[in-house]
Structures are given as C-alpha cells and as structure tokens.
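The following account is meant for a reader who meets this structure for the first time. It is best read with the sequence and the three-dimensional view side by side.

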Amino acid sequence: MTEVLVAGMAPHFVPYIEGWELQRRTHRDVVDGSAPDTLILCEHHDVFTAGRRTSARERPTDGTPVVDVDRGGKITWHGPGQLTGYPIVRLPEPVDVIEHVRRLEQMMIDVVAEFGVDGKRVDGRSGVWVTSAHGDNKIGAVGVRVADGVTMHGFALNCSNSLQPYSRIVPCGITDAGVTTLSLETGREITPADVLDSIVARFFTDGTTDKADVADPVDDADAPIATSTGGTA
C-alpha cells in the first residue's frame with residue numbers, strides 16, 4: 001500500500017529544505033519498514049536546486065543561492081505554479097532505476113494528455129517534452145536517487161509557473177531547448193491544484209502500486225547513495 005501525502009499547496013508553499021528533510025525522514029521510515037511507500041506532493045517556495053553533475057557555468061551568475069542536492073541530473077528551479085512529486089517507494093528486485101524514471105515520465109505524459117497537451121519523450125534526454133514550431137520544450141522533469149532499494153526525489157510538472165527563473169540558469173544543462181507550462185500550451189490557467197487528482201490517479205494506474213490513504217497536509221514538509229539518474233526534480 002502507498003500513502004499520498006500532500007505536504008503543502010498554494011498558498012501554503014513548502015520551503016525546499018523542509019521538504020527535503022521530510023523526504024529523508026520518510027525514506028528512513030520506508031527503508032526500516034516503519035512506514036509504507038509514500039508519494040509526497042507539494043508546491044515549493046522559489047528555489048534553485050543542483051544535482052551532482054551541475055557545472056559552474058550552468059549556475060546563476062547573480063549570486064542567487066542554490067541548494068546542492070543528492071539526486072542525479074543538473075540544475076533546475078522549483079516554485080509556485082509547479083507541482084513537485086517525491087515518490088518514496090521500494091523498487092522491486094532487481095532494482096531498475098531507468099524503469100522507475102520511465103514510469104514517472106509516462107505518468108506525466110498521461111496527465112498532460114488529459115488537458116489536451118501532447119507530451120512525449122526525447123531520445124537521450126529525461127523528462128517530458130512538447131514540440132512547437134520552435135523546437136522541443138520541456139514541461140516535466142525527472143531526477144531521482146535510490147538508496148537501500150528505496151527512491152527519493154522524483155518529478156516536477158510545470159503548470160502555471162513563471163518561466164523567468166529559468167532564464168537565470170542553464171536548466172537541466174540543456175542549451176538547445178526551451179521550457180514550457182501546461183497553462184502556456186493550453187492558453188488557460190492550469191494550476192497544480194487542478195492536476196493534483198490526475199497525478200494521484202495516474203500514479204496508481206500501472207498496477208504496480210496499491211493506493212492507500214491521502215494524508216492530511218503538513219505544515220512543513222542517510223543512507224549511502226546507491227544509484228541516481230535523471231534530470232531535475
């Protein structure tokens with residue numbers, strides 16, 4: 001069984017450090033068997049986070065603080081208008097991290113399709129993309145870590161957020177593609193609250209996870225690294 005924990009949505013944004021600590025506490029509990037698999041969903045306050053492969057040239061040059069995190073991938077932004085999800089789940093043996101990433105991508109592809117947006121994968125790049133006349137734009141990111149067979153970090157789906165923060169970094173280390181949101185693609189405002197139920201429903205549709213309870217929101221939001229991969233959540 002899996003618990004769904006809505007840790008904070010607008011206007012109750014979750015500071016990234018508090019959300020990260022919530023992930024780590026939940027991860028420890030899932031590893032030792034004292035808690036079920038858990039899907040944490042939230043909106044963060046504005047923050048840049050950098051995976052271990054982030055280079056100096058990809059970071060903001062204006063002194064903006066960056067949180068260095070223990071996931072795969074490079075630098076990205078989280079903040080209001082973006083739905084961020086952290087599946088803290090035990091992967092079946094043998095552990096297949098790429099399959100976990102692909103499952104999160106497919107979940108987001110299915111969700112954006114419900115809103116009339118044609119999301120897709122792009123060879124050689126993680127995440128979910130939308131093709132326009134000007135090329136491919138990223139709408140959903142994935143970046144994960146697996147320790148002791150249990151996942152951390154996860155996915156981020158751009159809903160109604162501003163794209164201005166991305167102009168201050170090289171998002172995901174990609175210089176030849178852009179970023180977009182559900183609201184931009186549909187021409188109407190679609191907030192994280194509007195997609196929350198779809199995300200929860202799609203997370204359980206592949207039959208690998210049984211849904212349990214949706215926990216009440218909380219006010220705030222280590223094992224050695226075994227494997228990490230992906231983009232930027």
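The paragraphs below pass from the overall make-up to a sheet, a helix, some backbone features and the salt bridges.

The model is a predicted one. Its secondary structure consists of four helices and 13 strands. The protein has 233 residues, and 54% of them are buried. Its accessible surface amounts to about 10,000 Å², and carbon and sulfur atoms account for 49% of that area.

A suitable place to begin is an open sheet built from three strands, arranged in the order β4-β3-β5 with mixed pairing. At its edges stand β4 (66-68) and β5 (75-78), each of which pairs on one side only. From one strand to the next, the twist averages 30°. Strand β3 (residues 47-50) and β5 run antiparallel and are joined by four bridges. Within this pairing, V47 has H78 of β5 as its bridge partner. Helix α1 lies across β3, β4 and β5, and its direction makes an angle of about 15° with β4.

Helix α4 offers a view of a single element. It covers residues 192-203, which is 12 residues. From its first C-alpha to its last it reaches 15 Å, close to the 16 Å expected at 1.5 Å a residue. Which residues of α4 are buried? They are P192, V195, L196, S198, I199, V200 and F203.

The backbone deserves attention at several points. Most peptide bonds are trans, and most residues other than glycine have a negative phi. Against this background, two cis peptide bonds may be considered in turn. The bond from A10 to P11 is cis, with omega near 5°. P11 is placed in the loop between β1 (2-8) and α1 (16-32). The bond from E93 to P94 is likewise cis, with omega near -5°. P94 belongs to the loop between β6 (82-88) and α2 (97-114).

Positive phi values form the next topic. D148 is a residue other than glycine, yet its phi is positive, near 55°. This residue sits in the loop between β9 (135-147) and β10 (150-158). D148 has a relative accessibility of 43% and therefore counts as partly exposed. H153, which is not a glycine either, has a positive phi of about 55°. H153 is part of strand β10. Is H153 buried or exposed? Its relative accessibility is 0%, so H153 counts as buried.

The side chains provide a further kind of connection, for the structure holds seven salt bridges. One of them joins R59 and D68, with a distance of 2.5 Å from N to O. R59 counts as partly exposed because its relative accessibility is 24%. D68 is also partly exposed, at 45% relative accessibility.

A second salt bridge is formed by the side chains of R202 and E114, at 2.8 Å from N to O. R202 lies in helix α4 and E114 in helix α2, so this pair ties together parts that are 88 residues apart in sequence. Both partners fall in the partly exposed class: R202 has a relative accessibility of 29%, and E114 has a relative accessible area of 40%.

A third salt bridge is found between K120 and D136, whose closest N and O atoms are 3.4 Å apart. This pair links distant parts of the chain, since K120 is in strand β7 (residues 120-122) and D136 is in strand β9, 16 residues apart. K120 counts as partly exposed, with 32% relative accessibility. D136 counts as partly exposed too, with 24%. Finally, E21, R24 and R28 are joined into one network by salt bridges that share partners.

To retrace the path, one may return to the three-stranded sheet in the order β4-β3-β5 and to α1, which lies across those strands. Helix α4 can then be located again through its buried residues, among them L196 and F203, and through R202, which lies in this helix and meets E114 in a salt bridge.

Terms used. Residues are numbered from 1 along each chain as its sequence is written. This is a predicted model: local features need pLDDT of at least 70, side-chain atom pairs count only at pLDDT 80 or more; totals for chains, interfaces and linings use all residues. Side-chain values use heavy atoms; hydrogens and water are left out. Helices (H or I, at least four residues) and strands (E, at least two) are DSSP runs, numbered from the N terminus. The expected span of a helix is 1.5 Å times one less than its number of residues. Buried means under 20% relative accessible area, exposed over 50%, partly exposed in between (1.4 Å probe, protein chains only). Accessible areas come from the Shrake-Rupley method with a 1.4 Å probe; for residues, only the protein chains shown count as cover. A salt bridge is a side-chain nitrogen of Lys or Arg within 4 Å of a carboxyl oxygen of Asp or Glu. Two strands pair if DSSP finds at least two bridges between them. Axes are lines fitted to C-alpha atoms, for helices over the stretch in contact, and angles run from 0 to 180 degrees between N-to-C directions. Contact means heavy atoms within 4.5 Å.
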